[in-house]
Amino acid sequence: MDKTYLFPPFRRPAALVSGTSQLFPVNRIFCVAKNYQAHAKEMGMAVDKGAQSPSYFQKNPVNLVACRPEIDYPPGTSDCHYEMELVVAIGKTGFEVKEDDANELIFGYACGLDMTRRDLQRQAKEQGGPWDTAKDFEQSAVLSPIVSKSETGIIDSGRVELRLNQELRQSSDLSMMIWSVPEIIADLSRLYHLEPGDLIYTGTPEGVGSVTAGDLLEGSIERVGGLSLHITGP
Ligand code: MN
């Protein structure tokens, strides 16, 4: 007997591809937890690259906010933080990819905000529990249009900045990443079969802080572009 859906299956979320009419269907959202030393230190835990591997978490793709100008202040927190990040959009399959070949998997780059319920993250750390409610909540993965690698070339350096209500709060350079983009792709591809549509949020530099309803976040990354996001009232 032919099966039918009880209700319409959910559509896959998608991102815009800058300067085209094409959509980038989003598969998984991987995030690197601590990838700038100055941010790791402001979180109270320096990273020893020689002794540690990158650590990752995921966000459910349904929590993606692609090219929308606002999000609601999230429930369940009184300390919601911005984290401005370079996002890598994967365009090819890859498993156990060598670092030298890793850039070939990249379709393009975008600006992203890894919105974080910092109070819930602090609580999770104290209790030794998972980060899910701190990191993976509705509207928590903000994304600008993706710029294809054919436009930008390989991005391995450049200013990354975030302004809160026009005040500069985060300002660093992508070259300050502890693990470079090819190192992340090579490492992540040992753990997962990377697929077209996967996104990788590559970690945030120092200067994270909290937002309140009414705030305006403006992020930019050299050669990649920018994003602008209003936080609306609870
Ligand atoms: Mn982050």
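Okay, let's start with a definition: a helix here means a DSSP run of H or I at least four residues long, and helices are numbered from the N terminus. One more thing before we go on: what we're looking at is a predicted model.

So, helix 5. This one covers residues 181-191, and Arg190 and Asp187 both sit in it, three residues apart, so about one helical turn separates them. The two form a salt bridge, with the closest N and O atoms 2.8 Å apart. Why might that happen at all? Side chains of opposite charge can pair when their charged atoms come close. Now, are these two partners buried or exposed? Well, Arg190 is partly exposed, at 47% relative accessible area. Asp187 is buried, at 12%, because the cut-off for buried is under 20%.

Here's another pair for you. Glu167 and Arg169 also form a salt bridge, and their closest N and O atoms are 3.2 Å apart. Glu167 comes out as partly exposed, with 47% relative accessibility. Arg169 is partly exposed too, with a relative accessible area of 34%.

How many salt bridges does the count come to? Ten. Let me pick one from the inside of the protein. Lys135 and Glu83 meet through their side chains in a salt bridge, 3.2 Å from N to O. Lys135 belongs to helix 3, residues 132-135, while Glu83 is in the loop between strand 7 (80-82) and strand 8 (84-90), so this pair ties together parts that are 52 residues apart in sequence. Lys135 counts as buried, at 3% relative accessibility. Glu83 counts as buried as well, at 2%.

And that pair has company. Lys59, Glu83, Asp114, Arg118 and Lys135 are linked in a network of salt bridges. Keep Glu83 and Asp114 in mind, please, since we'll meet them again right away.

On to the metal. Which residues coordinate the manganese ion? Glu83 and Glu85 do it through OE atoms, and Asp114 through OD, at 2.0 to 2.1 Å. If you follow the chain, the donors have the spacing E-x1-E-x28-D. We've already said that Glu83 is buried, at 2% relative accessible area. Its fellow donor Glu85 is buried too, with a relative accessible area of 0%.

Next, the empty space. Rolling a probe the size of a water molecule over the atoms shows where empty space is left. Searching the whole structure turns up one cavity of 30 Å³ or more. The largest cavity holds about 50 Å³ of space. Some of its lining will sound familiar: Glu83, Arg118 and Lys135 are among the lining residues, and so are Ala33, His39, Met43 and Trp131. Which helix gives the largest share of that lining? Helix 2, residues 118-127, with three residues.

Last stop, Arg28. You'll find Arg28 in the loop between strand 2 (23-25) and strand 3 (29-32). Its side chain makes a polar contact with the side chain of Asp198, at 2.8 Å. Leaving out residues up to four places away in sequence, Arg28 also touches several others, including Gln58, Pro61, Tyr192, His193 and Leu199.

If you take one residue home, take Glu83. Glu83 pairs with Lys135, helps coordinate the manganese ion, and lines the largest cavity. Okay, have a look at the structure, and then let's talk.

Methods: Residues are numbered from 1 along each chain as its sequence is written. This is a predicted model: local features need pLDDT of at least 70, side-chain atom pairs count only at pLDDT 80 or more; totals for chains, interfaces and linings use all residues. Side-chain values use heavy atoms; hydrogens and water are left out. Helices (H or I, at least four residues) and strands (E, at least two) are DSSP runs, numbered from the N terminus. A polar contact is a pair of N or O atoms within 3.5 Å; within protein, one must be able to donate a hydrogen and the other to accept it, and residues adjacent in sequence count only if both atoms are side-chain atoms. Contact means heavy atoms within 4.5 Å. A salt bridge is a side-chain nitrogen of Lys or Arg within 4 Å of a carboxyl oxygen of Asp or Glu. Buried means under 20% relative accessible area, exposed over 50%, partly exposed in between (1.4 Å probe, protein chains only). Donors are N, O and S atoms within 2.8 Å of the metal (3.2 Å for Na, K and Ca); water is not among the atoms, so sites may look incomplete. On a 1 Å grid over the protein atoms alone, a cavity is a set of points where a 1.4 Å probe fits but cannot get out, and a pocket is an open set with protein on both sides within 12 Å along at least five of seven lines; lining residues have an atom within 4 Å of a point. Grid points are joined across faces, edges and corners, and a volume is the space filled by probe spheres set on the points.
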